[in-house]
Amino acid sequence: MTHSVDVVVPVFNGWDLTESCLDHLRQQSISHTVVVVDNGSADGTPGRLHAEFPEVHVIQLGANLGFPVACNRGVEAGTGEIVVLLNNDVDCRSDFLERLVAPFGDDEHLGSGAALLLVPGEKRIESFGLAVDPTLAGYPRLRGSLEQQAQARDPVLVGPSGAGGAYRRKAWEEVGGLDEGVLFYGEDVDLALRLRAAGWSTLAVRDAVAVHLGSASAEHRSAWQRYQGGFARGYFLRRYGVLRSRAAVRAVTTEALVVFGDAIVFSHDLAALRGRIAGWRSAGGRPRIRRPPHEVIDRRISFLKSVGLRLGVYGGPSTSS
């Protein structure tokens, strides 16, 4: 079965990356529609898109409204049966889309598919979908592993990374797309959890390969970025009721260690703490999100391992989770 495909690319400046991403999309082996959503770029991106990529549908938001808003608006503008989210710093192999969407024709219950994203040089994995621990903290699966070690079983796959993943439109619309209560970080993990809770399955697509350029040059995150990461964590902790679950003690202890490490060891400020407090408050009054099935949570991610992963995420290079 051949599905119609929309590729949604949110952008904010970074024209060189966007140009490379779109050049690679032009070389894809199947027909598709590209929707670029500009989050208020100041580098001339909208004009360049119209001049150099006239086939691309451009949506201008006029300001940086965040990743979820940009993606949701891009999806709403299309009609494709399969929606592919792609960061503008991702360069796809020519058969990427064909490989990524192929499994959707075989399984009508498949709600999402995770692409294999490699770091430049293509020897190591940037992410192969996402995994979550018992506190519902998300991690890029297999990050740092050799490309040959890409597999779908360990860690447990919960869904695709927002940097490069496919979604069945019917599933996306059923759960309401990305949560616009956050600007950045954690939104792809949340979407994956809600899709699984709604009964949709997911799949790691080993032969859908792309290079995530940004992962190689990511620098220590700014206070604003760490605030947003903390905001998202506090927001989703409350929306999922994690502190009222059996994982409450582990969650509080982990967050305290991560905030302490960020404030004392890595960044020497309280941006991560302030973000968590603001996110928790923002989630007040919003409905509780149903927890996902037991089997989508990787309980093999121990407390010590999760602390190490979290300190790496919040103290080091930026990630989508």
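Start by selecting Ala271, which touches Ala223, Arg226 and Tyr227, leaving out residues up to four places away in sequence; touching, or contact, means heavy atoms within 4.5 Å. Ala271 sits in helix H10. Helices (H or I, at least four residues) and strands (E, at least two) are DSSP runs, numbered from the N terminus. At 1% relative accessibility, Ala271 counts as buried; buried means under 20% relative accessible area, exposed over 50%, and partly exposed in between (1.4 Å probe, protein chains only). Now add Pro292 to the selection: it is 21 residues from Ala271 along the chain, and their C-alpha atoms are separated by 30 Å.

A word on what you are viewing: this is a predicted model, in which local features need pLDDT of at least 70, side-chain atom pairs count only at pLDDT 80 or more, and totals for chains, interfaces and linings use all residues. Residues are numbered from 1 along each chain as its sequence is written, and side-chain values use heavy atoms, with hydrogens and water left out.

**Next stop: Arg226 and its partner**

Keep Arg226 on screen and add Asp262. These two form a salt bridge, with the closest N and O atoms 3.0 Å apart; a salt bridge is a side-chain nitrogen of Lys or Arg within 4 Å of a carboxyl oxygen of Asp or Glu. Arg226 lies in helix H8 (residues 223-239) and Asp262 in helix H9 (residues 248-266), so the pair ties together parts that are 36 residues apart in sequence. Both Arg226 and Asp262 are buried.

**H9 against H10**

Show helices H9 and H10 together. They pack at an angle of about 140 degrees, with their axes 8 Å apart; axes are lines fitted to C-alpha atoms, for helices over the stretch in contact, and angles run from 0 to 180 degrees between N-to-C directions. H9 and H10 are therefore oblique to each other (angles under 35 degrees count as roughly parallel, over 145 as roughly antiparallel, 65 to 115 as roughly perpendicular and the rest as oblique). To see the contact, select Glu255, Val258, Val259 and Asp262 of H9 with Ala272, Leu273 and Arg276 of H10. By class, this contact has four nonpolar, no polar and three charged residues. Here Ala, Val, Leu, Ile, Met, Phe, Trp, Tyr, Cys and Pro count as nonpolar, Asp, Glu, Lys and Arg as charged, and the others, Gly among them, as polar.

In the loop between H9 and H10, pick His268. Its phi is near 60 degrees, a positive value in a residue other than glycine. His268 is exposed, with a relative accessible area of 57%.

**Back to H8, then across to S6**

Select Arg239, also found in helix H8. Arg239 is buried, with a relative accessible area of 11%. Beyond four places in sequence, Arg239 touches Asp179, Ala283, Arg286, Pro287, Arg288 and Ile289.

From Arg239, jump to Ala115: the two are 124 residues apart in sequence and 28 Å apart in space, C-alpha to C-alpha. Ala115 lies in strand S6 (residues 110-118) and is buried, with a relative accessible area of 1%. Its contacts beyond four places in sequence include Phe96, Leu100, Phe128 and Val205.

**A loop with a cis bond**

Which residue pairs with Asp154 in a salt bridge? Select Arg300: the closest N and O atoms are 3.5 Å apart. Asp154 lies in the loop between strand S9 (138-140) and strand S10 (164-168), and Arg300 in the loop between helix H10 (271-282) and helix H11 (303-315), so the pair ties together parts that are 146 residues apart in sequence. Asp154 is partly exposed, with a relative accessible area of 42%. Step on to Pro155, joined to Asp154 by a cis peptide bond with omega about 0 degrees. Most residues other than glycine have a negative phi, and most peptide bonds are trans.

**Last stop: helix H1**

Asn13 is in the loop between S1 and H1, and its phi is near 60 degrees, positive in a residue other than glycine. Move into H1 and select Trp15, Thr18, Ser20, Cys21, Leu22 and Leu25, which are buried. What covers the buried residues of H1 includes strand S1 (5-11), strand S2 (33-38) and helix H4 (96-101).

To finish, look for more salt bridges: a search of the whole structure finds 19. One network to select links Asp6, Arg169 and Glu173.
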